[in-house]
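Welcome to this guided tour. Keep your viewer open, and at each stop select what is named and look around.

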Amino acid sequence: MTLRVASPVSGRAVPLAEVPDPVFAEAMVGPGVAVEPARDGEATVVSPVDGTVVTLHPHAFVVATEDGAAVLVHLGIDTVKRKGEGFSLHVAKGDRVRAGQAVVTWDPAEVERAGFAAICPVIALDAAPEVLVDQAGGPVSAGDVLFAWQR
């Protein structure tokens, strides 16, 4: 079975190695792809897969599929320090969501002006690097396939 993981934001897909945080850049929490989000105003972040919101913070969330795959979306680096400022949630922990459904609204340019990197790691939790294939690179729109996860 292959799980197609969608980009939660529009922007430019880049390798995790370009994330300015060793936890993500060295894939310590799992393999994935990062997206440099477009800086054209307030943006809606969408769920990358169908599933249940199992972790929810203003700056990060995890959606788990019915078969146990879990995808982490992190909005910016060190943005936990903003304590929710600049992020608006559209779902609650425990909600079932569909791929493409709005989860959070934020403004990546505003986050960057506040001194944080706005890059968004999208991580396949508890996955081995070799099971991610067809990883996107370059321009992506929210909802485009970012990578395929062979399960």
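Start by selecting serine 47, which counts as buried at 0% relative accessibility. Here, buried means under 20% relative accessible area, exposed means over 50%, and partly exposed is in between, using a 1.4 Å probe and protein chains only. Serine 47 sits in the loop between strand S4 (43–46) and strand S5 (51–57). Helices (H or I, at least four residues) and strands (E, at least two) are DSSP runs, numbered from the N terminus.

A word about what is on your screen: this is a predicted model, in which local features need pLDDT of at least 70 and side-chain atom pairs count only at pLDDT 80 or more, while totals for chains, interfaces and linings use all residues. Residues are numbered from 1 along each chain as its sequence is written, and side-chain values use heavy atoms, with hydrogens and water left out.

Stay with serine 47 and show its surroundings. Its side chain reaches the backbone oxygen of valine 49 at 2.6 Å. Not counting residues up to four places away in sequence, serine 47 touches Val63, Val97, Arg98, Ala99, Gly100, Gln101 and Val103; contact means heavy atoms within 4.5 Å.

**Next stop: the sheet**

Colour the strands S9-S5-S6-S7-S11-S3-S2-S13, and you will see an open sheet of eight strands in that order, with antiparallel pairing. Strand S9 (96–97) and strand S13 (138–140) are at the edges with a single partner strand each, so one side of each has no neighbour in the sheet. Two strands pair if DSSP finds at least two bridges between them. Now zoom in on strand S6 (residues 60–64) and strand S7 (residues 70–74): they run antiparallel and are joined by five bridges. Which residue in S7 is the bridge partner of valine 62? Select leucine 72 to find that partner.

**Next stop: charged pairs**

Side chains of opposite charge can pair when their charged atoms come close. A salt bridge is a side-chain nitrogen of Lys or Arg within 4 Å of a carboxyl oxygen of Asp or Glu, and the count by this rule is seven.

Select arginine 82: is this residue buried or exposed? At 8% relative accessibility, arginine 82 counts as buried. Add glutamate 85, whose side chain meets that of arginine 82 in a salt bridge (3.6 Å, N to O); glutamate 85 counts as exposed, at 52%. Then add glutamate 110, which forms a salt bridge with arginine 82, the closest N and O atoms being 2.8 Å apart. Glutamate 110 lies in helix H2 (residues 108–113) and arginine 82 in the loop between S7 and strand S8 (88–89), so this pair ties together parts 28 residues apart in sequence.

Move on to Glu36, Arg39 and Glu112, joined into one network by salt bridges that share partners. Within this network, arginine 39 and glutamate 36 meet at 2.8 Å, N to O. Arginine 39 is partly exposed at 32%, and glutamate 36 is partly exposed at 21%.

**Last stop: the cores**

A nonpolar core is a set of buried Ala, Val, Leu, Ile, Met, Phe, Trp, Tyr and Cys residues joined through side-chain atoms within 4.5 Å. Select Trp106, Phe147 and Trp149: of the 35 residues in the largest nonpolar core, these touch the most other members. Leaving aside neighbours within four places in sequence, the contacts of phenylalanine 147 include Leu3, Val5, Val33, Val122 and Leu132. Finish at a second, separate core of 13 residues, with Val14, Val19, Ala60 and Ala64 among them.

Methods:
A polar contact is a pair of N or O atoms within 3.5 Å; within protein, one must be able to donate a hydrogen and the other to accept it, and residues adjacent in sequence count only if both atoms are side-chain atoms.
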